[in-house]
Amino acid sequence: MNAVVIYESIYGNTRAVAEAIADGLGGAETAPVPQAGERIEDADLIVVGGPTHMHGLTTSRSRRMAADAAREDGRTGLAAGASAERGLRHWLRDLPGRDGAWAAAFDTRLDRSPMLTGAAARGIARRLRHHGYEVVATESFLVEDSEGPLQDGELERARNWGTELARRLERGPDAESGPTGVRARPSSERGPDAQSGSAG
Ligand SMILES: Cc1cc2nc3c(=O)[nH]c(=O)nc-3n(C[C@H](O)[C@H](O)[C@H](O)COP(=O)(O)O)c2cc1C
């Protein structure tokens, strides 16, 4: 299976999750949004993720706010393009349609009810479906505080999610749901679409 993990990340937490998912998928490629370009053309599966900002996908304003906050804290080493005008939202808007191609969506967010935090994965999944993708899984991975770090065990959970995703797709996208919420068909009952549960 040729899988690519596309991500946006300001502070590096979503990037770490993306790399763990790629590892779990069996060594898939990862690419930050500005470099995603043509890499997705031949992919059997694209996995797309980003941080939750203001209950949804980042905006150029929220990315600037994130970058400013980090600078105020004296933090260096922000992801390249962290405050770029064009982020994941734009990338998804311009994504070429691919009817029936497989996709999965993930986000990072705070560990509270998704009703309070929102979950970027919901908006990512909706946009992927809009472009004809079959979204087979959505998931949230949790940070301790606004700038991170990830909670203990989240990288392992991300790796397992990637592995389960690969297994599910080998069996075919219509098979029964796997133990980590990787599923055949989009559903509003699990993952970050769910309206209760901390990790979705
Ligand atoms: C401007 C801004 C808005 C945020 N809004 C939310 C939010 O609505 N819900 C939430 O759970 N986390 C929110 N967060 C925390 C982010 O989800 C967290 O920074 C992100 O998961 C870290 O990912 P990254 O390291 O890849 O940038 C916000 C953070 C920033 C900087």
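Author: Two residues are in contact if their C-beta atoms, placed from the backbone, lie within 7 Å. Helix H6 (residues 154-171) lies across S3, S4 and S5. This is a predicted model, in which local features need pLDDT of at least 70 and side-chain atom pairs count only at pLDDT 80 or more, while totals for chains, interfaces and linings use all residues. Residues are numbered from 1 along each chain as its sequence is written.

Reader: At what angle does H6 run to S5?

Author: The angle is about 170°, on a scale of 0 to 180 degrees between N-to-C directions, with axes fitted to C-alpha atoms and, for helices, over the stretch in contact.

Reader: What secondary structure does the protein have?

Author: There are 6 helices and 5 strands, each a DSSP run numbered from the N terminus (H or I of at least four residues for a helix, E of at least two for a strand). Along the sequence these elements follow the pattern β-α-β-β-α-α-β-α-α-β-α.

Reader: In what order do the 5 strands stand in the open sheet?

Author: The order is S2-S1-S3-S4-S5, with parallel pairing. The edge strands are S2 (29-32) and S5 (134-143), since each pairs on one side only. Direction ignored, neighbouring strands of the sheet are turned by 20° against each other on average.

Reader: How do you know that S1 and S3 pair?

Author: Pairing requires at least two bridges found by DSSP between two strands. S1 (residues 3-7) and S3 (residues 45-51) have 5 bridges in the parallel sense, and they therefore meet the definition of a pair. Among the partners, Ile-6 is bridged to Val-48 in S3, and Val-5 stands opposite Val-47.

Reader: How many bridges join S1 to S2, and how many join S3 to S4?

Author: S1 and S2, which run parallel, are joined by 4 bridges; Val-5 has Thr-30 as its bridge partner in S2. S3 and S4 pair over 7 bridges, also in the parallel sense, with Gly-50 of S3 opposite Asp-107 in S4.

Reader: Why is S1 called largely enclosed by the rest of the structure?

Author: A residue is buried if 20 or more other C-beta atoms, placed from the backbone, lie within 10 Å of its own, exposed if 12 or fewer do, and partly exposed in between. In S1, 5 of the 5 residues are buried, so the strand counts as largely enclosed. Its two faces are both covered: Ala-3, Val-5 and Tyr-7 lie on one side, Val-4 and Ile-6 on the other, and all are buried. In a regular strand, side chains alternate between the two faces of the sheet.

Reader: What makes S3 mostly covered?

Author: Of the 7 residues in S3, 7 are buried. Leu-45, Val-47, Gly-49 and Pro-51 point one way, Ile-46, Val-48 and Gly-50 point the other way, and all of them are buried. Over the 200 residues of the protein, 46% count as buried.

Reader: Why does Trp-161 count as buried or exposed?

Author: Trp-161, in helix H6, has 25 C-beta neighbours inside 10 Å and therefore counts as buried. Its C-alpha atom is 9.8 Å from that of Thr-138, 23 residues apart along the chain.

Reader: Why is His-55 called partly exposed?

Author: His-55 has 15 C-beta neighbours inside 10 Å, so it counts as partly exposed. This residue is placed in the loop between S3 and H2. The C-alpha atoms of His-55 and Leu-116 are separated by 7.8 Å, although the two residues are 61 positions apart along the chain.

Reader: Which residues are the closest to the ligand?

Author: They are Tyr-11, Asn-13, Thr-14, Thr-108 and Thr-117, out of 24 residues that surround the ligand; nearness here means a C-beta atom, placed from the backbone, within 6 Å. Helix H1 (13-24), helix H2 (60-72) and strand S4 (102-110) each give two or more residues to this shell. H2 gives the most, with 4 residues. The shell divides into 9 nonpolar, 13 polar and 2 charged residues, where Gly is among the polar ones.

Reader: What follows H2?

Author: Gly-74 follows H2, with a positive phi near 75°.
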